[in-house]
Amino acid sequence: MTTTAKGYLFAILSAVSYGTNPIFAMPLYHDGMDVSTVLLMRYAIGTLCMFLMIAFHNRKSLVIGLKDVGGLSIMGVLMVLSSITLFASYDYLSAGIASTLLFFYPVMVSLIMAGFYHERLGLRKIICLIIAFIGVATLSKGDDGTGISWWGFTLVMLSSLSYSLYLVYINRGPMKHLPSSVVTFYVMAVGFIFLIINSLISGEIHLPQHALSWLNIIGLGFFPTLLSLWCTSQAIALIGSTQTAIFGAMEPLTAVVLGILILGERLTLMPAIGMVLIFGSVTLLMMQKKNK
């Protein structure tokens, strides 16, 4: 297998594994667990596994300077806010719709870069952005005209915005000198601390009540967290970040398919059209960046 083919395989595995988030999280909600506890356990498993992976290869790389603490803290808060709002949206939206709306983040990144860093918007990019907005508008309309939950819509848009700011900060911030694995570890560690503080303040930690729920927690910590992060780093090293991002379209597609097969969700006409528009426009948007 060629290096490029391996990169494509890792990129697909990364996106597909991240798309399993809802099928592990939603059963935990049904078992009485709240969003904060689910994420606390996910971040705990992810942080521990990342620490063990880095310590096994090069423990000294975990040493950072005081000047890096502020930047990593900002990134950690942005990431955990994105996680909280996304997982909270699962109470109001289907897995497929929530994951597709989250996939709107490349559009937000383009708008942020254009608005604050004066990155040029060419005609093709503008057309892609318009199609993506039409897709979001279509996705928000149900076949019966009642539309989706606006609270759920707002939550997942906030998740997409937080993740977009995180990506912009990685690209423009002062963290470029640190290895991606080290950045990921500290981002997850900050998120873990944030969630612990939140749980202590609220005084609520709802542990799983059934063995199946513990299996879902392990699955949540392994597939969309550890496996996805590891495959992403491997893919970026082999084929670059832009081509890896293009395969991100597999993430909402996976969530849609698994939502129908495992969670019993229904996909009606108008949301399906909206998903196709968003998939297509965002993929074209990222392919344009690749060709530059």
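The expected span of a helix is taken as 1.5 Å times one less than its number of residues. In this predicted model, helix α7 comprises the 17 residues 123–139, for which a span of 24 Å is expected at 1.5 Å a residue, and its end C-alpha atoms do lie 24 Å apart, in agreement with that value. The buried residues of α7 are Lys 125, Cys 128, Leu 129, Ala 132, Gly 135, Val 136, Thr 138 and Leu 139. As a general matter, an α-helix has 3.6 residues a turn, so residues three or four places apart point the same way.

Aromatic contacts were examined next. The structure holds 12 aromatic pairs, among them the stacked pair of Phe 24 and Phe 223, whose ring centres are separated by 5.9 Å and whose planes are 10° apart. This pair links distant parts of the chain, since Phe 24 belongs to helix α2 (residues 21–30) and Phe 223 to helix α10 (residues 211–239), with the two positions 199 residues apart in numbering. Phe 24 is buried, with a relative accessible area of 13%, whereas Phe 223, at 35% relative accessibility, counts as partly exposed.

The rings of Phe 87 and Tyr 90 have planes at 50° and centres 5.4 Å apart, so this pair is classed as tilted, the tilted class being neither under 30 degrees nor over 60. Phe 87 is buried, its relative accessible area being 0%, and Tyr 90 is likewise buried, at 6%. In addition, one aromatic cluster is formed by Phe 103, Tyr 105, Tyr 163, Tyr 166 and Phe 279.

Methods
Residues are numbered from 1 along each chain as its sequence is written. This is a predicted model: local features need pLDDT of at least 70, side-chain atom pairs count only at pLDDT 80 or more; totals for chains, interfaces and linings use all residues. Side-chain values use heavy atoms; hydrogens and water are left out. Helices (H or I, at least four residues) and strands (E, at least two) are DSSP runs, numbered from the N terminus. Buried means under 20% relative accessible area, exposed over 50%, partly exposed in between (1.4 Å probe, protein chains only). Rings of Phe, Tyr and Trp (its six-membered ring) pair if their centres lie within 6.5 Å; planes under 30 degrees apart count as stacked, over 60 as edge-to-face and the rest as tilted.
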